[in-house]
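Here is an informal walk through one protein chain for someone who hasn't met it before. Take a look at it first, and then we'll go through some details.

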Amino acid sequence: MKTAQPATAKPVVSHEIFDVVLIGGGIMSATLGAMIAKLQPDWSMVMFERLSEVAAESSNAWNNAGTGHSGLCELNYMPDPQDPTKAEQIAGLFHLSRQFWAALVDEGDLTDPASFINPTPHMDVVFGHRDVAYLRHRYQTLRTLPLFSAMEYTEDPAVITQWAPLLMDGRSPGEPMAATRYEAGTDIDFGALTTALTTVVTNAGAQVRVGQEVTGLCRGEDGLWTITGRHRDAKRRFTVRAKFVFVGAGGYALKLLQRARVAEVHGYGVFPFGAQFLRTDNPEVVSRHNAKVYSQASLGAPPMSVPHMDKRLVDGQQSLLFGPYATFSTRLLKRGRLIDLFTTVRLTNIAVLLAVAVQNLSLVGYLIGQLLSTRRRKFAQLQRFYPAADPADWYLVQAGQRAQLVKPDAHKVGVLTFGTELVTAADGTIAGLLGASPGASTAPAIMVDLLARCFPQEAMRWEPLLLRMLPEMTTAIGTQQHTVDANLARTGQILGLES
């Protein structure tokens, strides 16, 4: 069994010692911190965030689509219309997220659910006979499953007009198209949710230290981790010690786990993707589109690049986003450094990275095409969704940066993955999250897994409290229709999602 290989630390005296150190002020650290605050409020805990506020990177509302990934409309989770396995799994995990957030609202820890979650139908729209046949088949597969039984399907332009008028505005008649809709979908402001969860953490006595960047991790002979870093607004450095460390630093997570000599990431690498979106705030346009509408990805595009036109509600303002348009940078965070990617390259992962490059030439071609794409060409992609779109209403915005995980593979040397992976050292003293979507939407389930793997003895004692917050934690939530319906109704009422 692999385990973390501790670096030899110099004797450390007079430094603060915490039970838990959280690195990164995003949704993952905030979720874990809030969970520990409820389960073990007497533990000392500190969160370090390199920027001047929490939720300023991938968790920021404008750095992600806020879909609340639940398998309802993300066609990339179900490339084979007969195999709903991944879509069903993610839908079940999202139901657990609703349970966790509802429990915190019910107990008064989160006081304004409308600030972070709002009802927004999830839709798919496809064009052409081939994709219409695919979507029809997908719907027929999903409609038999309790988690998707409320999904609707149509090939009638009049019905699509009722569901999402902009899709049909200016469209020539006769084009084959189809759509599905799940009315009980949601739009989530993960930035507001992260901030609210961080308040749960601080209300339990934990500390949040912003503007402090962790740069080093090493484990001493006494089993404690020494965490070193710097204040970004000064040349001062800091050192603390911890019994347990969680690395929820987004694109910087792999770099920190490598520096900690965590054996479980041996051979791992990352490949960064960025994204742009077209955005409009024109109230006349926004008021006519109340949905998140996804479609099929372009040939060669990574699965996370499925085009979508989304209704967003952020800080009380309604907007529409369309995209994504892929960008590339060697930064691993939106506000990272150009040398970031190169700091993760090791002798152990060079072959893995080269193998992935060779195996994904179509992806390389897609990225080059995206980088060379003009604004006019980008706008033409929006007009595929919304034919009558006016260029004067839309402007380009830069979204977040994602570090997709590259892993060793026994047959292909290396593979590029598009999900999230929880990495825990065998001794349970350090863990981190790598990858991207659908991480934020399934954060509570990921953190329950972390607690079980890193705190097995305490987890047995915590289980009754966890079951109170996540009643379906130990059951297959999507197997019974009455269970799904009851969960949607209960959490929907608490979260203010029912009309």
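Let's begin with Cys-454, which is buried, its relative accessible area being 9%. That word has a cut-off: buried is under 20% relative accessible area, exposed is over 50%, and partly exposed is in between, using a 1.4 Å probe and protein chains only. Before going on, note that this is a predicted model, in which local features need pLDDT of at least 70, side-chain atom pairs count only at pLDDT 80 or more, and totals for chains, interfaces and linings use all residues. Residues are numbered from 1 along each chain as its sequence is written, and side-chain values use heavy atoms, with hydrogens and water left out.

**Cysteines**

How many disulfides does the structure hold? It holds zero, a disulfide being a pair of cysteine sulfur atoms within 2.5 Å. Cys-454 is accordingly in no disulfide, and the nearest cysteine sulfur, belonging to Cys-218, sits 19 Å away. Another cysteine, Cys-73, is buried too, at 0% relative accessibility.

**The chain as a whole**

Stepping back, the chain has 15 helices and 19 strands. These are DSSP runs numbered from the N terminus: helices are H or I with at least four residues, strands are E with at least two. Along the principal axes, the C-alpha atoms fill a box of roughly 75 × 50 × 45 Å. The radius of gyration is 23 Å, which agrees with the value near 23 Å that a compact globule of 499 residues would have. That radius is taken over C-alpha atoms, and the globule rule is 2.2 Å times the number of residues to the power 0.38.

Of the 499 residues, 57% are buried. As for the outside, the chain exposes about 20,500 Å², with carbon and sulfur atoms supplying 54% of that; such areas come from the Shrake-Rupley method with a 1.4 Å probe, and for residues only the protein chains shown count as cover. What about contacts, meaning heavy atoms within 4.5 Å? Taking those between residues at least 6 apart in sequence, 73% join residues at least 24 apart.

**Salt bridges**

There are 24 salt bridges in the structure, each one a side-chain nitrogen of Lys or Arg within 4 Å of a carboxyl oxygen of Asp or Glu. Here are three of them.

| Pair | N to O distance |
|---|---|
| Glu-107 and Lys-38 | 2.7 Å |
| Arg-130 and Asp-131 | 3.7 Å |
| Asp-449 and Arg-453 | 3.1 Å |

Glu-107 and Lys-38 meet in a salt bridge. This pair links distant parts of the chain, 69 residues apart: Glu-107 is in the loop between helix H2 (85–106) and strand S3 (117–119), while Lys-38 belongs to helix H1 (residues 27–39). Glu-107 is partly exposed at 34%, and Lys-38 is partly exposed at 24%.

In the second pair, is Asp-131 buried or exposed? Asp-131 is buried because its relative accessible area is 15%, whereas its partner Arg-130 is exposed at 69%. Asp-131 is part of helix H3 (residues 129–142). Not counting residues up to four places away in sequence, Asp-131 touches Val-126 and Gln-296.

The third pair shares a helix: Asp-449 and Arg-453 both sit in H13 (residues 443–454), four residues apart, about one turn of the helix. Asp-449 is partly exposed at 34%, and so is Arg-453 at 37%. Elsewhere, salt bridges with shared partners tie Arg-50, Glu-213, Arg-230, Arg-232 and Arg-337 into one network.

**A nonpolar patch**

Which residues make the nonpolar surface patch of about 400 Å²? They are Val-345, Leu-347, Ile-350 and Leu-354. Patches are made of residues with over 30% relative accessible area and no salt bridge; like charges are joined within 9 Å, and nonpolar side chains (Val, Leu, Ile, Met, Phe, Trp, Tyr) within 5 Å. Ile-350 lies in helix H10 (residues 350–359) and counts as partly exposed, with 36% relative accessibility.

**A strand residue**

Last stop: Gln-318, in strand S15 (residues 317–327). Gln-318 is partly exposed, at 38% relative accessibility. Leaving aside neighbours within four places in sequence, Gln-318 is in contact with Asp-281, Val-286, Lys-311, Arg-312 and Leu-313. Gln-318 and Thr-280 are 38 residues apart in sequence, and their C-alpha atoms are 9.2 Å apart in space.

How values were computed: Contact means heavy atoms within 4.5 Å.
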